[in-house]
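Here are some exercises for getting to know a new protein. Try each one with the model open, then read through the worked solution.

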Amino acid sequence: MDFNLTEEHIMIRDAARDFAQTELLPGVIERDNAQTFPESLVRKMGELGFLGVMVDPKYGGSGMDAISYVLIMEELSKIDASASVMVSVNNSLVCYGLESYANEAQKEKYLTKLAKGEIIGAFCLSEPEAGSDATSQKTTAIDMGDHYLLNGTKNWITNGGRAGVYLVIAQTDKDKGHKGINAFILEKGMPGFDIGPKEDKLGIRGSDTHTLQFNDVKVPKENRIGEDGFGFKFAMKTLSGGRIGIAAQALGIAAGAYELALKYSKERKAFGTEICNHQAIAFKLADMATEIEAARMLVMKAAWDKDQGNNYDMSSAMAKLYASQVAMTHTVEAVQIHGGNGFVKDYHVERLMRDAKITQIYEGTSEIQKIVISRGIIKG
Ligand SMILES: Cc1cc2nc3c(=O)[nH]c(=O)nc-3n(C[C@H](O)[C@H](O)[C@H](O)COP(=O)(O)OP(=O)(O)OC[C@H]3O[C@@H](n4cnc5c(N)ncnc54)[C@H](O)[C@@H]3O)c2cc1C
């Protein structure tokens with residue numbers, strides 16, 4: 001067992017850290033306030049290869065491994081989780097889904113642009129009545145011979161306004177239950193495809209979350225991914241890898257808050273000494289450092305499982321469950337260590353605390369991760 005990163009991994013991590021410090025940190029508070037994220041920063045992430053990290057270079061990707069991916073995600077998330085969710089959705093849900101399950105023509109048409117960041121992708125599974133229970137899809141895709149007719153609503157869609165390509169899950173044959181679900185590639189601007197207003201959120205406010213509406217959208221037959229009825233499996237397989245990205249996001253949020261709290265505790269004085277010298281604060285820092293390192297080990301293990309070709313359903317669920325809990329607990333502690341300063345925007349920790357919450361909700365809530373883990377344990 002080797003816990004060392006390779007030289008290449010260190011270079012990638014440092015490049016992501018440098019980008020986060022020089023490009024993401026300036027303006028992060030203003031972007032959070034205004035709920036915006038400029039296209040110029042998306043382009044820069046594309047140029048650095050962050051939007052197609054694991055995609056084969058023949059499709060315009062960086063050809064890196066999952067360890068590299070989580071290192072990038074951790075570093076971006078320390079500074080701006082709104083940027084990193086865009087990276088996560090594009091990489092682990094959209095690019096991975098297409099590279100693994102789309103046909104050559106679909107890959108050539110869509111994957112290359114997505115991997116280079118020339119366009120951004122969105123993954124559309126959730127509906128007003130189908131969140132955790134994703135089998136309850138109400139969006140329908142009726143087979144009309146040479147095309148499918150899509151009708152329905154998707155909500156909470158990350159990159160919903162800025163995406164060019166949308167992977168949409170819909171029910172084709174209700175009688176077949178989850179085996180009657182398909183996944184389709186939709187393009188922005190298709191007639192009948194409408195994008196609702198941006199959600200006003202607690203956290204990851206720079207990321208763009210929308211409801212999507214489909215009214216008799218004609219989707220060509222060649223835009224279905226995989227065999228008829230493959231859509232639910234497609235969604236579950238893709239989400240399993242997505243959880244590694246979100247676990248790394250949670251880890252980065254926790255580590256970012258910890259780094260700020262440690263620095264602040266060495267500068268702020270109370271009762272004649274730096275506050276880190278008070279045992280109550282020192283022990284908080286010890287708990288943070290220990291639990292963040294434990295989360296990092298779970299995230300790395302899940303990424304390693306993926307790189308080795310092992311099944312990672314359990315390790316990704318464990319990593320997401322634990323890292324998101326650590327993010328929530330320790331961002332709250334980081335605010336506490338900052339005292340009153342923690343409660344205002346200039347010190348960044350309140351934003352990290354708000355951003356942490358979503359990691360316990362999307363791509364499967366913590367309760368759903370426990371269902372995945374407990375089923376895995378019991379099945380053996
Ligand atoms: C900011 C944001 C971005 C998102 N981005 C996307 C996206 O890009 N694409 C997409 O498809 N979706 C996206 N989502 C949706 C997200 O994945 C869902 O919100 C999530 O899966 C939970 O579904 P729900 O909101 O319907 O909650 P519900 O399923 O209604 O759950 C409510 C509560 O009940 C609990 N619960 C439900 N079932 C069980 C059970 N069997 N046992 C125990 N507890 C249970 C849940 O854990 C939760 O605590 C996003 C959501 C947000 C808020």
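## Getting your bearings

The protein has eleven helices and ten strands. Keep in mind that you're looking at a predicted model.

**Exercise 1. Work out whether the radius of gyration of the protein agrees with that of a compact globule.**

Step 1. Start with the chain length: there are 380 residues, and for that number a compact globule would have a radius of gyration near 21 Å.

Step 2. Now take the value for this protein, which is 21 Å, so the two agree.

Step 3. For the outline, put a box around the C-alpha atoms along the principal axes, and you get roughly 80 × 45 × 40 Å.

Step 4. Look at burial too: 54% of the 380 residues are buried.

Step 5. Finish with the contacts. Of those with a separation of 6 or more, 73% are between residues 24 or more positions apart.

**Exercise 2. Compare the helix and strand content of two annotated spans, residues 6-118 and residues 122-217.**

Step 1. Check the record for the names. UniProt, in an unreviewed entry, gives "domain: Acyl-CoA dehydrogenase/oxidase N-terminal" for residues 6-118. An unreviewed entry also lists "domain: Acyl-CoA oxidase/dehydrogenase middle" for residues 122-217.

Step 2. Take residues 6-118: here the chain is 73% helix and 0% strand. The C-alpha atoms at the two ends of this span are 30 Å apart.

Step 3. Move on to residues 122-217, with 0% helix and 50% strand. For this span, the end C-alpha atoms lie 17 Å apart.

**Exercise 3. Find out which elements line the largest pocket and which line the second largest pocket.**

Step 1. Begin with the largest pocket, which holds about 1,600 Å³ of space. Its lining has 50 residues, and Met236, Leu239, Arg243, Glu363 and Gly364 are the ones nearest the centre.

Step 2. Sort that lining by element. Two or more residues each come from α5 (81-101), β3 (147-158), α7 (231-267), α9 (313-337), α10 and α11 (366-379). The largest share is from α7, with seven residues.

Step 3. Sort the lining of the largest pocket by class, and you have 20 nonpolar, 16 polar and 14 charged residues.

Step 4. Turn to the second largest pocket, with about 600 Å³ of space. It has 22 lining residues, and nearest its centre are Asp2, Phe3, Leu5, Ile67 and Met300.

Step 5. The elements giving two or more residues to this second lining are α1 (7-24), α4 (66-79) and α8 (279-308). Here α8 gives the most, with seven residues.

Step 6. By class, the lining of the second largest pocket splits into eight nonpolar, three polar and eleven charged residues.

**Exercise 4. Describe the largest cavity: how much space lies in it, and which residues line it?**

Step 1. Count first: the structure holds one cavity of 30 Å³ or more. About 50 Å³ of space lies in the largest cavity.

Step 2. List the lining: Val28, Arg31, Asp32, Asp80, Ser82, Arg205, Gly206, Arg351 and Asp355.

Step 3. Assign the residues to elements. Those that give two or more are α2 (28-34) and α10 (349-358), and α2 gives the most, with three.

Step 4. Check the chemistry: one lining residue is nonpolar, two are polar and six are charged.

**Exercise 5. Explain why α10 is largely enclosed by the rest of the structure.**

Step 1. Pick out the buried residues of α10: Val349, Glu350, Arg351, Leu352, Arg354, Asp355 and Ala356.

Step 2. That makes seven of the ten residues in α10, so this helix is largely enclosed by the rest of the structure.

Step 3. Ask what does the covering. Among the elements over those buried residues are α2, α4, α5, α7 and α9.

Step 4. Link back to the cavity: Arg351 and Asp355, both buried in α10, are also on the list of residues lining the largest cavity.

**Exercise 6. Decide whether Ile204 and Phe271 are buried or exposed.**

Step 1. Locate Ile204 in the loop between β6 (193-198) and β7 (209-220). Its phi is positive, about 30 degrees, although it isn't a glycine.

Step 2. With a relative accessible area of 4%, Ile204 is buried.

Step 3. Now find Phe271, in the loop between β9 (269-270) and β10 (273-274). Phe271 isn't a glycine either, yet has a positive phi of about 55 degrees.

Step 4. The relative accessible area of Phe271 is 81%, so this residue is exposed.

How values were computed. Residues are numbered from 1 along each chain as its sequence is written. This is a predicted model: local features need pLDDT of at least 70, side-chain atom pairs count only at pLDDT 80 or more; totals for chains, interfaces and linings use all residues. Side-chain values use heavy atoms; hydrogens and water are left out. UniProt positions are given in the numbering used here, feature names are shortened, and annotations may be inferred rather than shown by experiment. Helices (H or I, at least four residues) and strands (E, at least two) are DSSP runs, numbered from the N terminus. On a 1 Å grid over the protein atoms alone, a cavity is a set of points where a 1.4 Å probe fits but cannot get out, and a pocket is an open set with protein on both sides within 12 Å along at least five of seven lines; lining residues have an atom within 4 Å of a point. Grid points are joined across faces, edges and corners, and a volume is the space filled by probe spheres set on the points. Ala, Val, Leu, Ile, Met, Phe, Trp, Tyr, Cys and Pro count as nonpolar, Asp, Glu, Lys and Arg as charged, and the others, Gly among them, as polar. The radius of gyration is taken over C-alpha atoms; the globule rule is 2.2 Å times the number of residues to the power 0.38. Buried means under 20% relative accessible area, exposed over 50%, partly exposed in between (1.4 Å probe, protein chains only). Contact means heavy atoms within 4.5 Å.
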